[in-house]
Amino acid sequence: MTTEDGSVHPEAPRLGTPGTPGAPRSPGPAVRLERLAAAHADALLAFERENRAYFARSVPDRGDDYFTPAGFAGRHAALLAEQATGACHFHVVLDAGGTLLGRVNLVDAAGGSAELGYRVAESASGRGVARAAVEEACRLAATAYGLTALTAVTTLDNAPSRAVLARTGFTAVGEEVVDGRPGAAYRRTL
């Protein structure tokens, strides 16, 4: 689906029959979101390096400079500065043991809305981590950041991301072109 800083942009339990809108959701894996901090830099760089090829299959690669210690440090500092303005809310996704499994972010927060972006490690894919992280991001968006709606964009060929959005209450609202590929825009009212 989306990434933390603009590539494709990071729910509450519902009632009904499994697999349909309004279906109850299993609790999923225990994950927690932590607001991005300087202390996350080393683990985040390791996460990005370990998953570079995996992410590049569905979103544009960040370029070689991003993965160097200096390039990453500069980008990390820029994200922290942007977060300090309140325009963006960046998070790392951690499991119960503190292992970094992903990132989920709310970018361009203005007028009560923000764009959701997320990415999850290949080793954690297919286990409900993205869904749990998006659900928590939606909760934080409403309760901690005062947002009333989220948008997201993904490519049509990214079925897992489209499924996460559908399972977390997002509705397709239009077509998009994402990095030259056909995509869809989604929206969720909080």
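**Figure 1. R62 lies over the face of the Y66 ring, 4.8 Å from the ring centre.** A charge is said to sit over a ring when NZ of Lys or CZ of Arg is within 6 Å of the ring centre and within 35 degrees of the ring normal. Before you look further: this is a predicted model, where local features need pLDDT of at least 70 and side-chain atom pairs count only at pLDDT 80 or more, while totals for chains, interfaces and linings use all residues. Residues are numbered from 1 along each chain as its sequence is written, and side-chain values use heavy atoms, with hydrogens and water left out.

**Figure 2. Y66 with its aromatic partners F67 and F72.** Searching the whole structure turns up four aromatic pairs. The Y66 and F67 rings have centres 5.1 Å apart and planes at 80 degrees, so this pair is edge-to-face. Rings of Phe, Tyr and Trp (its six-membered ring) pair if their centres lie within 6.5 Å, and planes under 30 degrees apart count as stacked, over 60 as edge-to-face and the rest as tilted. Y66 counts as buried at 8% relative accessibility, and F67 counts as buried at 9%. Buried means under 20% relative accessible area, exposed over 50%, and partly exposed in between (1.4 Å probe, protein chains only). Y66 also pairs edge-to-face with F72, at 5.4 Å centre to centre and 80 degrees between the planes. Is the Y66 and F72 couple buried or exposed? Both Y66 and F72 are buried.

**Figure 3. A three-ring cluster, with an arginine over one ring.** F47, Y54 and F55 make up one aromatic cluster. Over the ring of F55 sits the charged end of R119, 4.2 Å from the ring centre.

**Figure 4. The open sheet of seven strands.** Stepping back, the protein chain has five helices and seven strands, in the pattern β-α-α-α-β-β-β-α-β-α-β-β along the sequence. Helices (H or I, at least four residues) and strands (E, at least two) are DSSP runs, numbered from the N terminus. The strand order in the sheet is 1-2-3-4-5-7-6, with mixed pairing. Strand 1 (31-35) and strand 6 (171-178) stand at the edges with a single partner strand each, so one side of each has no neighbour in the sheet. Ignoring direction, neighbouring strands are turned by 30 degrees against each other on average. Axes here are lines fitted to C-alpha atoms, for helices over the stretch in contact, and angles run from 0 to 180 degrees between N-to-C directions.

**Figure 5. Strands 4 and 5, with helices packed on the sheet.** Strand 4 (residues 113-120) pairs with strand 5 (residues 149-155) in the parallel sense, over three bridges. Two strands pair if DSSP finds at least two bridges between them. Which residue in strand 5 is the bridge partner of S113? That would be A149. Helix 1 (residues 41-50) packs on the sheet and touches strand 2 (89-95), strand 3 (100-110) and strand 4, with its direction at about 105 degrees to that of strand 3. Contact means heavy atoms within 4.5 Å. Helix 5 (residues 159-167) lies across strand 4, strand 5 and strand 7 (181-189), running at about 160 degrees to strand 5.

**Figure 6. Strand 2 and its two antiparallel partners, strand 1 and strand 3.** Six of the seven residues of strand 2 are buried, so the rest of the structure largely encloses it. Five bridges link strand 2 to strand 1, where R35 stands opposite H91. Toward strand 3 there are six bridges, and V93 has G102 as its bridge partner. The hairpin of strand 2 and strand 3 has four residues between the strands, and in it G98 takes a positive phi near 90 degrees.

**Figure 7. Helix 4 (residues 129-143) is largely enclosed, because 11 of its 15 residues are buried.** Among those buried in helix 4 are V129, A133, C138 and L140. At 1.5 Å a residue the helix should span 21 Å, which agrees with the 21 Å between its end C-alpha atoms. The expected span is 1.5 Å times one less than the number of residues.

**Figure 8. Two aspartates with positive phi, D108 and D179.** D108, in strand 3, has phi near 55 degrees and is exposed at 54% relative accessible area. D179 sits in the loop between strand 6 and strand 7, has a phi of about 50 degrees, and is exposed at 52%. For the wider picture, buried residues make up 46% of the 190 residues in the protein chain.
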